Amino acid sequence: MNRREILLAAGCCLLPGAGFGQSGAAILTHPLMPAWTAWKETYLAQDGRVVDSLQQGASHSESQGYGLLLAATVGDETAFDLIDDWTVATLAVRDDNLLAWRWLPTDPRGVSDFNNASDGDLFYVWALLRAADAFDRPELRDRASAMASDLATSCIVPHPDQGGRLLFAPAASGFNRDTGIVMNFSYYMSRAMFDIATQTGITAFATCATDGEALLADLAATGLTPDWTEVRAGDLVTATGLSDAHGYEALRVPLFLIWSGRASHPAVARQAAFHQMAGLSGSMTPTVMDRLTGEVRETSPDAGYAAIVALTNCARQGLDGSSVPFFTVDQPYYPATLHLMTLLAIIEANPNCIVT
Amino acid sequence: MKSHFCLLSLVALLCTGQLQAQVTADPATPADNGRIDLRSMIDSMTPTPVPPAQQTLGQTDPAILPSLPVLERSAAEVDPDQAAAADVAFYPALSDLGAGVIRLSGEFAEANLVIDVPVVTDVQELRIAYRTSINVLPELSSVTVLLNGREIAQFSPRSFEGFATVQLPMENLIEGQNQLMVQISQSHRIFCGPEASFDIWTEIDLRQSGISVAAQTGIPDQAALRRALIAQLATGEPVYVVAAQPPTQDELAELSLRLGGLTPQLTPKVVVQNPFAPAPTNAGLSRIAIIDRAGPDFQIRRARDGALVLVMRSLSDTDVLDSFLPRPDPITGPVRFVPGSDVTLAQMGLPPVAMRGRYGRSDLNFLLPPDWLLLASQSAEIGLIYDYAEGLPETALMLLKVNDTTVRLLPLFGQGGEEIPVLQVSFPARLLSPGINALTVETIIPGEPPDMPCPRIEGELLRVSDQTTLRIPASPSMQFPDLGAQLLRLAPENIAAVTRDTRENVATSVADALHVLFRPLAETATTGSLAITSVFHADAVPLEQLGLTRQMVETMLVPAAMMTESDTVAENRSLGARVIGFVGNTITAISGLARPRDPALADWVDGRHGDALLLMPDLQDRDVLWLVVAQGADPERVAAAVTAGRISATGPSGQLSILTHDGTWQSWMSPAQGPELLEPLSIANVRTVAGNYASWSPLGYATLMGALLILSVIVALLFVVRNRGSRKR
């Protein structure tokens, strides 16, 4: 069963009388629609901002970008416009087309600084491109191109070794050191980068994705992907003062690789092996691990993290059917969103890892 | 190059210390929780000259400082107890008394619960949940619990409001099936007697009684899957079929049928779950996943939530289903009785009857051949062997009933504790009918005095030996048309809904439920069909052959909510109408003596209302039955009534039966339809056959006899006249 077939089959499940009792017009509905609806009701405020309760109720370019991508993917144009309108009105306050990274409800100014977060911008561009096709709105493609151009200008930087490789910096400002560039490899999303490169013609994104995958492979040779790494001219080293653990940032790496069709990537294998080594079962999932020893430093009961681990294990082993848990909103915004993305990765890239 | 300017700008800000106050607000170390402390990062940086142009970042408000986009991801501390609770699965107990909440009434009662234990060492708790009637006097009452035959707990029932949970010792638990016997001894706090018996009860909530085990316990094999599926059904939740492409209705019906074979007490529900949809309410014990690309025939896996998952390619793979969920065996049904000789209860496979309460009732069901028919004055006989306790009050009684008609009333006084000679109790054989019959023993032992709690009497108050005999005379092979007999021959695959639009979902629901509940009767050839439709589609039924109209059907199947109004109208009839009704009833009663049969259908249906009609519309095609279901009727209730009715003495019979709103069947037989002789008339059977016809229609028989008499007289007169004439000549 390929992606199209699984979409059709799962979509048919939602037709009236087809078994799931979904009422409405007899059109194909995205299989994620019920879960998206639950997500929307829980995390999306009426004004269009995606609320991250663990960040003092903040909204940020990441949450807005994730939400926008999901809305575009499931075909929820109303939610798409709602999220986009709020984001444009609130976070699009920089001199360029990128987004300020955070809005805080407790701050009278709302946006307290104008730095961006490149992953939020990346997903936002990708969402605009998907929406341009899904909703037949070419003007969104123009916006995506302008934003992609600024993102490339601000955050795609040369590798310190000056060998022609490109890096995707976490933000326009703040991560450049004398010794190298501080990187967060969970900001890489190859599928998005290749799509953006193809659709906007900015090939730097594709180069960046390819180079990033190679760097991730280098990291996987020694252990798990760390949350933060400093890329120097001749080496990948611990980013002084930043978490070297494989934590809440880096746990996205295998998800994005699998979603990008890179299930055989060494970083996926490494994470699957370390989780198996951790040997935890039941309701708790390791979320922070020593990147070299695999020692578990923190666990979480949230199903979204378990979903990534289950998908990683399934994709790595080539299983038919995975132990990815059913979606639930009984978890904070971040794991819930990763949970939805895991399901999307199954639908779009790994249908053999269907939830059982 | 713009990016380089931006980076330099931030570095400059960091170095001047402007950012430091902002980022040092959270001093937590990254190694602990994944958060980032920027202090050391800032310290490691060397000041870099900042071009003035780069300070335009955030220029709309000079007071706004750039920071690093770093987010707090750690959740709050998880309560260890809460986390541990999430890893525990609860396996409910089963009981042959039913599912959900079972009620134990009377002074003495017991329930045998079955608890299937996967791994003894992983059991964390064994418990029962109970509540008791406020009428129960705790000081004179007790609940005794035996595990595998050994007493493990005894307590006074004191939970009068909600269900209370009692934790039980687990030392005697064994791996596999455990028998948990709950024996109730309870006394009314004020009264003593049969009525008080009904008021004292203890309920056990099976869904809250059972064992808690580690969710990930045991090897995921076939036995574990079977155990988990039963437990899933026992929770009252459906078994979920996780499938991107929903299985067909036929496949789901087949699965339901097979799940129903796991344990007869539970009615399985199957729900299809979209794998990408939010989690269902409770799928935590077991489910089935369909993956059309699955490699091997099947796999059994343990899911993260502890559920055992059967992964298979398709529900149409009957080989896989046969290995996990074989089709249920046919039911044995009531004991088959062979008329013509004395048969003991023991020979019939029936147990002795023992009564311990002030009120007791025991039904002994047996099956007579479908072509057995005696309507005349033949007698059947019970050779009753019984004894009862000493000291019972003078008014204590035992009632012996045949198909709910009392055939003997016996005092339980004067011979208490003595050996009583065999008592021959004869009764009219016409009280019996082909098919299911019931011999009932009922005891009524008033209190002495009735307004005080009963004195505690240990042991049985009455015992009927299994050496008690029953003799039923043989009959010639005769029958009436009987839909009850046809129901016994019906196979579940021949039950189908006949629907036209979505309003008739009730018919489909009844058919689905019957597919699960209905099982063939062992040693009985299956034949015929049952078509189910809703009252909206009643015109699909060939009603005219019975003399019914659609309007009559709709009137009978009026929803229960509208019944009250009809009854009120009936009660408020005028005096004239009442007089006419009285006269009509009297005439009917008198005519009933001459024609002891059901009235015409139009009269019979008048005033009868219910949830469903079971029909045999065509006497030429008796294999075909129809079930018409009222809109708004509970499909499961209707299906359960049909299923139970086919093996009950009070089940549907005749040509038409109505399932009343109170759940009982009332049946009608056409008065025009006489008994049918299925064997040649002979000297041996002519008397019995004639008796049956005479009893079916005394007036017709008298008319026939009168005609024969007149004919005889005429013949005799002709003979006399003719002989007299020849003598004259």
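**Questions about a predicted model**

Guide: In this predicted model, the side chain of R49(A) comes within 2.8 Å of the backbone oxygen of G57(A).

Visitor: What makes that a polar contact?

Guide: The limit for a pair of N or O atoms is 3.5 Å. The distance from the side chain of R49(A) to the backbone oxygen of G57(A) is 2.8 Å, so the pair is within that limit.

Visitor: Where is R49(A) found?

Guide: R49(A) is in the loop between helix 2 (33–43) and strand 1 (59–60) of chain A. Leaving aside neighbours within four places in sequence, its contacts include Y43(A), W86(A), W103(A) and P105(A).

Visitor: How do you know that R49(A) has no salt bridge?

Guide: A salt bridge needs the two charged groups within 4 Å. D47(A) has the nearest side chain of opposite charge, and it is 4.3 Å away, so no salt bridge is counted for R49(A), which is buried.

Visitor: Why is helix 8 of chain A called largely enclosed?

Guide: Buried means under 20% relative accessible area. In helix 8 of chain A, 12 of the 17 residues are buried, so the rest of the structure largely encloses it. Among them are F205(A), D211(A), E213(A) and L219(A).

Visitor: How do you know that the span of helix 8 of chain A agrees with what is expected?

Guide: At 1.5 Å a residue, the 17 residues of this helix (residues 204–220) should span 24 Å. The end C-alpha atoms are 24 Å apart, so the two values agree.

Visitor: How many helices and strands does chain B have?

Guide: Chain B has 18 helices and 36 strands. Of its 729 residues, 47% count as buried.

Note on methods: Residues are numbered from 1 along each chain as its sequence is written. Chains are lettered from A and ligands numbered from 1 in the order in which they are written. This is a predicted model: local features need pLDDT of at least 70, side-chain atom pairs count only at pLDDT 80 or more; totals for chains, interfaces and linings use all residues. Side-chain values use heavy atoms; hydrogens and water are left out. Helices (H or I, at least four residues) and strands (E, at least two) are DSSP runs, numbered from the N terminus. The expected span of a helix is 1.5 Å times one less than its number of residues. Buried means under 20% relative accessible area, exposed over 50%, partly exposed in between (1.4 Å probe, protein chains only). Lys and Arg count as positive and Asp and Glu as negative; His and the chain ends are not counted. A polar contact is a pair of N or O atoms within 3.5 Å; within protein, one must be able to donate a hydrogen and the other to accept it, and residues adjacent in sequence count only if both atoms are side-chain atoms. Contact means heavy atoms within 4.5 Å.
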